[in-house]
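Biologist: Hey, got a minute to walk me through this one? I'd like to start with the pockets.

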Amino acid sequence: PNMADGGRYYNEHDDRTMPQFRNRKGKGMGRSFDRPRRDRQRGGHSGNVGGPGPRMRLGDADADIVMSDNSQDSSSQHRFKPYGRPFRKGGNGRFDRDGRQGKGKGGGFRGGNSGGGGKNQTGWYKIPHGKKYDKKWLLGALQNICSVPFKPVQYHIDHSRAHFYIDDSATANALHKCTHKITDRDGYKVEVHVNPSAPPSYLLSELKPEHLEPLKQCMSKRFDGSQQALDLNNIRTDPDLVSQNIEVILNRKTNMEAVIKIIEENIPELTSLNLSNNRIHKLDDLAELVTKVPHLKTLNLSNNELKSDRELDKLKGLKLVELWLNRNPLCDLFKDQAVYISAVRERFPRLLKLDGQDLPPPIGFDVETPTTIPPCKGSCFCSDDIKALILRFLQQYYSVYDSGDRQPLLDAYHDGASFSLTTPYSTQNPSRSSLGEYHKDSRNLKRLKDSTIRYRLLKHTRLNVVAFLNELPKTQHDIASFTVDVNTYTHTLLAFTVSGIFKEVAVDAKSRESTMAFSRVFITVPAGNTGLCIVNDQLFIRMATTEEIRRAFVAPAPTPSSSPVPTLTASQQDMLTAFSQKSGMNLEWSQKCLQDNAWDFNAAAQVFTQLKMEGKIPDVAFIK
């Protein structure tokens with residue numbers, strides 16, 4: 001039988017799990033169908049005698065559920081053909097998009113084409129429904145309104161639908177009566193349809209215990225110990241298995257699990273595995289290779305039915321150097337060979353051979369054991385002159401930037417300057433993060449693909465740059481946290497990166513202080529005799545780490561002044577001058593060091609020496 005939904009008739013088949021049965025007189029065998037037919041069939045019902053049960057479908061226009069029943073026939077005349085393609089036609093019942101029954105007569109379900117079958121007949125009913133529905137929600141909603149309790153069997157996802165089975169017609173009929181009684185969050189009614197189905201695939205495909213030993217012997221025959229290679233190409237046709245009427249179908253979960261278990265227990269050092277010509281369409285059951293066959297280097301999956309390169313994600317833990325995927329549908333999805341290689345190598349970065357062709361050597365870091373990133377070594381300047389120039393520039397720039405009025409920064413930018421702001425790429429809701437204020441203006445090229453938006457977010461000319469800076473939250477930067485790296489230095493250009501910590505200053509009761517980290521690339525040109533003029537400014541902002549927050553703002557930011565605080569005694573003034581000369585620090589930082597050590601010159605000198613050796617004194621302390 002087949003059902004109509006929204007003007008579409010659904011004939012479904014599954015060439016992986018369904019046998020192809022011939023209907024003989026007096027012996028009915030229902031078949032389930034998985035694939036929709038788009039041609040409408042007109043006319044009345046074509047069903048004859050009442051069949052063994054309904055197929056059930058739950059869904060709206062893009063979601064469906066199917067249940068089915070069939071009489072089980074153990075006759076040897078009906079040999080199981082795992083790759084047969086059953087098909088039948090006929091249909092009834094039509095439903096429109098929002099779940100109201102249309103003008104088509106009938107509806108619900110039709111009987112099979114032969115065999116008795118009453119309401120209480122036992123058998124199997126397959127229920128596919130929309131993948132978009134949450135499993136817990138859907139099953140719970142059905143349990144709540146169904147007149148009899150039911151136990152769904154083998155709930156699984158297949159393409160856009162999810163399926164489960166029921167094992168008696170009474171329950172199937174009860175579920176069918178639930179049609180149009182559940183409303184989803186979009187306001188659509190969930191439809192329930194019923195059609196016959198074969199038993200769940202795992203019941204058909206379970207390897208019997210007495211078959212495991214012949215399978216093990218067959219695999220032993222196909223194993224090359226000198227190469228640690230196992231050839232399971234087209235194993236379902238192996239004469240040793242066929243002669244014993246044993247079917248090993250590797251696109252079935254239990255069959256593949258049995259094979260992997262034999263490998264794990266007998267040849268765990270396996271390095272090469274050939275699974276070609278086995279009609280494998282998904283790699284879920286191969287995921288265990290990552291942990292159970294860790295030395296696998298070569299894998300042949302050619303001549304199978306893999307339709308998407310996303311299946312390869314399930315094997316990403318394998319350290320493959322050779323992989324065969326040719327003659328799979330997924331190979332036709334790529335516009336050229338380079339894109340194909342890139343997609344595969346993204347999953348297996350060590351790959352040297354693909355489909356028998358040598359690849360260029362991989363570029364990457366071959367890190368076998370966990371490695372700790374070395375600690376930051378602090379600022380890197382080209383020379384003392386450049387160091388003094390940059391530190392003086394930063395002190396002046398951030399003194400204005402944090403003052404509350406950033407308009408004077410116009411003097412720091414070139415007339416044709418450019419500026420961009422970037423925040424980390426994230427799939428989370430930015431409004432829930434403290435970065436929400438910056439997210440709307442973020443020019444993260446990984447997130448933005450539209451060239452028009454990219455251009456709009458790039459601020460041009462110094463007037464636009466400073467106007468934008470004035471709109472950003474008020475801040476206070478911890479200059480002591482700054483790290484500077486000079487990238488490029490010529491007589492006409494100086495490019496450097498400054499990284500550090502800042503916090504947003506609360507300006508009213510609604511705002512709150514948030515500590516953040518930044519990295520900023522300045523590209524500057526000489527201005528005047530000792531100044532710099534910004535031609536390009538790129539600011540990256542992220543949330544600060546716990547350690548960065550702990551270390552930030554420990555020392556109070558120095559207040560710029562040209563002379564020491566005048567409240568010092570004459571002896572303190574002399575000590576301060578001497579300490580500044582010996583340490584190289586400016587007067588502000590020298591005074592702080594002496595004050596922290598109760599004006600004990602020797603104690604202050606020891607503390608200074610220790611902190612300098614540990615790199616804990618910021619560069620700004622030495623600007624005079």
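Modeller: Sure. First, what the words mean: a pocket is an open set of grid points with protein on both sides within 12 Å along at least five of seven lines, and its lining residues have an atom within 4 Å of a point. Also keep in mind that this is a predicted model.

Biologist: Okay, so which residues lie nearest the centre of the largest pocket?

Modeller: Ala480, Arg551, Gly615, Lys616 and Ile617 do, out of 44 residues that line the largest pocket. Its volume is about 1600 Å³.

Biologist: Which strand gives the most to that lining?

Modeller: Strand 16, with 5 residues. Among the other elements that each supply at least two are strand 17 (494-504), helix 13 (546-551) and helix 16 (601-613).

Biologist: And how many of the lining residues are nonpolar, polar or charged?

Modeller: The lining of the largest pocket divides into 21 nonpolar, 10 polar and 13 charged residues.

Biologist: Where does the pocket lie, in terms of domains?

Modeller: Between domain 3 (384-427 + 434-550) and domain 4 (570-622), because both give residues to the lining.

Biologist: Switching topic: how many aromatic pairs does the structure hold?

Modeller: There are 17 aromatic pairs. Take Phe393 and Phe522: their rings sit edge-to-face, 5.7 Å centre to centre, with 85 degrees between the planes. Phe393 is in helix 9 (residues 384-401) and Phe522 is in strand 18, so this pair links distant parts of the chain, 129 residues apart.

Biologist: Are those two buried or exposed?

Modeller: Phe393 counts as buried because its relative accessibility is 8%, and the cut-off for buried is under 20%. Phe522 is buried too, with a relative accessible area of 0%.

Biologist: Got another pair?

Modeller: Tyr397 and Tyr413 also form an edge-to-face pair, at 6.4 Å centre to centre and 65 degrees between the planes. Tyr397 lies in helix 9 and Tyr413 in strand 14 (residues 413-422), so the pair ties together parts that are 16 residues apart in sequence. Both tyrosines, Tyr397 and Tyr413, are buried.

Biologist: Which residues do the ring pairs link into a cluster?

Modeller: The cluster includes Phe393, Tyr397, Tyr413 and Phe522, and also Phe482, Phe496 and Phe502.

Biologist: You mentioned strand 14. How many of its residues are buried?

Modeller: 7 of its 10 residues are buried, so strand 14 is largely enclosed by the rest of the structure. Strand 14 runs parallel to strand 19, joined by 6 bridges, and there Thr422 has Phe540 as its bridge partner. Strand 14 also pairs with strand 15 (residues 459-460), in the antiparallel sense, over 2 bridges. In that pairing, Ser418 is matched with His460.

Biologist: What about the open sheet, in what order do its strands come?

Modeller: The order is 7-8-9-10-11-12-13, which makes 7 strands with mixed pairing. Strand 7 (223-224) and strand 13 (357-358) stand at the edges with a single partner strand each, so one side of each is left without a neighbour in the sheet. Further in, strand 11 (residues 322-324) and strand 12 (residues 353-354) run parallel, joined by 2 bridges, and Leu323 stands opposite Leu354.

Biologist: Last one: where is Pro196?

Modeller: Pro196 is in the loop between helix 2 (169-176) and helix 3 (201-205). Pro196 is buried, at 1% relative accessible area. Its C-alpha atom is 9.6 Å from that of Ser169, which is 27 residues away along the chain.

Note on methods: Residues are numbered from 1 along each chain as its sequence is written. This is a predicted model: local features need pLDDT of at least 70, side-chain atom pairs count only at pLDDT 80 or more; totals for chains, interfaces and linings use all residues. Side-chain values use heavy atoms; hydrogens and water are left out. Two strands pair if DSSP finds at least two bridges between them. Helices (H or I, at least four residues) and strands (E, at least two) are DSSP runs, numbered from the N terminus. On a 1 Å grid over the protein atoms alone, a cavity is a set of points where a 1.4 Å probe fits but cannot get out, and a pocket is an open set with protein on both sides within 12 Å along at least five of seven lines; lining residues have an atom within 4 Å of a point. Grid points are joined across faces, edges and corners, and a volume is the space filled by probe spheres set on the points. Ala, Val, Leu, Ile, Met, Phe, Trp, Tyr, Cys and Pro count as nonpolar, Asp, Glu, Lys and Arg as charged, and the others, Gly among them, as polar. Domain bounds come from an automatic or database domain assignment. Rings of Phe, Tyr and Trp (its six-membered ring) pair if their centres lie within 6.5 Å; planes under 30 degrees apart count as stacked, over 60 as edge-to-face and the rest as tilted. Buried means under 20% relative accessible area, exposed over 50%, partly exposed in between (1.4 Å probe, protein chains only).
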